[in-house]
Structures are given as structure tokens and as C-alpha cells.
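Hi,

Here is the structure I promised to pass on. Have a look at it first, and then read my notes underneath.

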Amino acid sequence: MSTDWRDRLLQLREKLEAVAATGEESAAVVELDQSKVGRLSRMDALQAQAMSQASGQRREETLRGITAALQRIEDDEFGICRKCDEPINPRRLDFDPTVLLCINCASLSEGP
């Protein structure tokens with residue numbers, strides 16, 4: 001079973017790394033010379049840059065979660081809630097294999 005999760009996490013990591021390689025150009029510095037680019041076009045470019053940077057940050061966070069999940073598989077701790085040490089529902093893991101908490105502990109952590 002852990003081999004299936006490992007394979008799935010490795011595939012997800014590979015996809016995210018491929019997306020990261022293609023998305024770096026849109027996060028590049030925006031040219032400030034208005035003689036080359038109009039003000040509205042520059043604003044669009046700045047907005048696209050900000051969205052690309054935010055997407056890159058989410059991607060990096062997900063990659064860190066994948067690395068941690070792969071380590072939990074190696075340590076034979078994958079699928080165990082970090083808070084209560086109970087098994088995490090496999091359907092929850094299907095949705096996000098990087099989760100650390102069971103649904104009950106996650107609900108309690110979020111609070112009202």
C-alpha cells in the first residue's frame with residue numbers, strides 16, 4: 001500500500017516540478033520603461049507576475065509537503081495523525097496525500 005502512495009507522490013512531485021520549470025519566465029521582473037510598454041500593459045504584467053509568484057509559492061509549499069509525506073512513508077508513519085496517532089481516513093489521503101491530521105484533529109485545530 002505504501003508503494004502506491006509513494007508512486008502517487010512521486011508522480012505529483014514530477015508534475016509540479018515540470019510546471020515550475022515552465023512558469024519561471026512569467027515570474028520574472030517586469031520592465032519599468034513605459035516607452036516600451038504602455039501603463040495598462042505594465043499593470044497587466046505586474047498582476048500576472050504577482051499571480052505567478054503566488055502560484056510558485058503554493059507549488060513550493062506543496063513540494064515540501066510531498067517531500068515530508070515521502071519521508072513519513074520511509075519512516076513507516078504515513079497515514080497516521082500527528083496529533084492523536086490514529087489512522088487518517090484513506091479517503092482523506094486520496095484527496096490530499098500530504099495531510100498530517102485526521103479530520104477530527106484538523107477540525108479542532110481550525111477552531112470556530
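Below are my notes on an aromatic pair, a buried arginine and a lysine.

This is a predicted model, so I only took local features at pLDDT of at least 70 and side-chain atom pairs at pLDDT 80 or more, while totals for chains, interfaces and linings use all residues. Residues are numbered from 1 along each chain as its sequence is written, and side-chain values use heavy atoms, with hydrogens and water left out.

The aromatic count comes to one pair (ring centres within 6.5 Å, six-membered ring for Trp; planes under 30 degrees apart are stacked, over 60 edge-to-face, the rest tilted). W5 and F78 make up that pair, tilted at 45 degrees between the planes and 5.4 Å centre to centre. The two sit 73 residues apart, with W5 in helix α1 (residues 2-23) and F78 in the loop between α2 and α3 (90-95); helices are DSSP runs of H or I, at least four residues, numbered from the N terminus. Both rings' residues, W5 and F78, are buried (under 20% relative accessible area, with exposed over 50% and partly exposed in between, 1.4 Å probe, protein chains only).

F78 also turns up among the contacts of R72, along with E77 and R82 (contact is heavy atoms within 4.5 Å). R72 lies in helix α2 (residues 39-74).

K83 is in the loop between α2 and α3 and is exposed, at 53% relative accessible area. Beyond its sequence neighbours within four places, K83 is in contact with L101, C105 and S109.

Cheers
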